[in-house]
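Open the model in your viewer and keep the selection tool handy. We will begin at one residue and work outwards to the whole chain.

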Amino acid sequence: MTTASRTSEQRISPVFLGITAVMAVTGWAVWTDFAASPGLAVFLFVTSAWVVSLCLHEYAHARTALHSGDITVGAKGYLSLNPLAYTHALLSIVLPVLFVIMGGIGLPGGAVFIENGRIRGRWRHSLISAAGPLTNVLFAAVCTAPFWLDALDGVPADFRYALAFLALLQVSAAILNFLPVPGLDGYGVIEPWLPYSVRRQVEPFAPFGLLFVFALLFVPSINGAFFDVVDAALRGLGIGDLETYCGDGLYRFWEGTPEICSVSP
């Protein structure tokens, strides 16, 4: 493969650049209170930022796989950050966005196909799986930086609420992804270390792992326990219940913004 071909495969997609531009413009609109409808601006900002994070999540998998021996990821378009190049664009982008809109939860999506036969060493396989959710962790750290750095002076309330809700999505996605359930990245981390007989028995359940987790989240006690963990992680990052509550309320602007969130603290 020529250098020109490799460069072309890694060129950032105009689709990703367009989504990033939407995130930047709507983030500016939320910050400056320029938008006629702050709720709509928050909705567009958080949704576009969430899609950007999904692209970076899958890019992390692909980039780590490339450096681990799978040189085919570039030809598949995985290094261009183009969400349309993913193996399952519906699962990777559309469904996670819909779940954010419906339930305010960061649903992980499966996207890039890694040729595991090209990769040698169990640690490399584990690192490829871990790279995606670690990107969500990093994204959450960036979103919450003003909170845990105690640098909120001058940050508009609506923008603060939007960052808090976006952080909630990143934290919930990271926690879900790290669950050791077949089909999720957490299982991918431990899979190389399991006996071959166990992997063969578990393999048929991998396509249904995410559906199984989603079904469990409908159980009130499990749902409550899950969000208790998410809330505890957010509190550790300096985000309180009011910020996430108002962020969720602004995001779901069609339901009406809670009155308490209309008054800047």
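Select Thr-135 first and show what surrounds it: leaving out residues up to four places away in sequence, Thr-135 touches Leu-56, His-57 and Ala-60, where contact means heavy atoms within 4.5 Å. You are looking at a predicted model, in which local features need pLDDT of at least 70, side-chain atom pairs count only at pLDDT 80 or more, and totals for chains, interfaces and linings use all residues. Numbering starts from 1 along each chain as its sequence is written, and side-chain values use heavy atoms, with hydrogens and water left out.

Is Thr-135 buried or exposed? Thr-135 is buried, with a relative accessible area of 16%; buried means under 20%, exposed over 50% and partly exposed in between, using a 1.4 Å probe and protein chains only. Colour by secondary structure and you will find Thr-135 in helix α5. Helices here are DSSP runs of H or I with at least four residues, strands are E runs of at least two, and both are numbered from the N terminus. Now add Leu-152 and draw a distance: Thr-135 and Leu-152 are 17 residues apart in sequence, and their C-alpha atoms are 24 Å apart in space.

Next stop, the nonpolar core. Such a core is a set of buried Ala, Val, Leu, Ile, Met, Phe, Trp, Tyr and Cys residues joined through side-chain atoms within 4.5 Å. Which residues touch the most other members of the largest one? They are Val-46 and Leu-169, in a core of 63 residues. Elements giving two or more residues to this core include α3 (38-68), α5 (122-143) and α7 (157-177). Helix α7 provides the largest share, 14 residues.

Centre on Val-46 and hide its neighbours within four places in sequence. The contacts that remain are Ala-162, Phe-165, Leu-166, Leu-169 and Tyr-251.

Finally, zoom out to the full chain. The protein has 12 helices and 0 strands. Its radius of gyration, taken over C-alpha atoms, is 19 Å, close to the 18 Å that the globule rule gives for 265 residues, so the protein is as compact as a globular protein of that length. That rule is 2.2 Å times the number of residues to the power 0.38. Turn on a bounding box along the principal axes, and the C-alpha atoms fill roughly 55 × 50 × 30 Å. Colour by burial to end the tour: buried residues make up 46% of the 265 residues.
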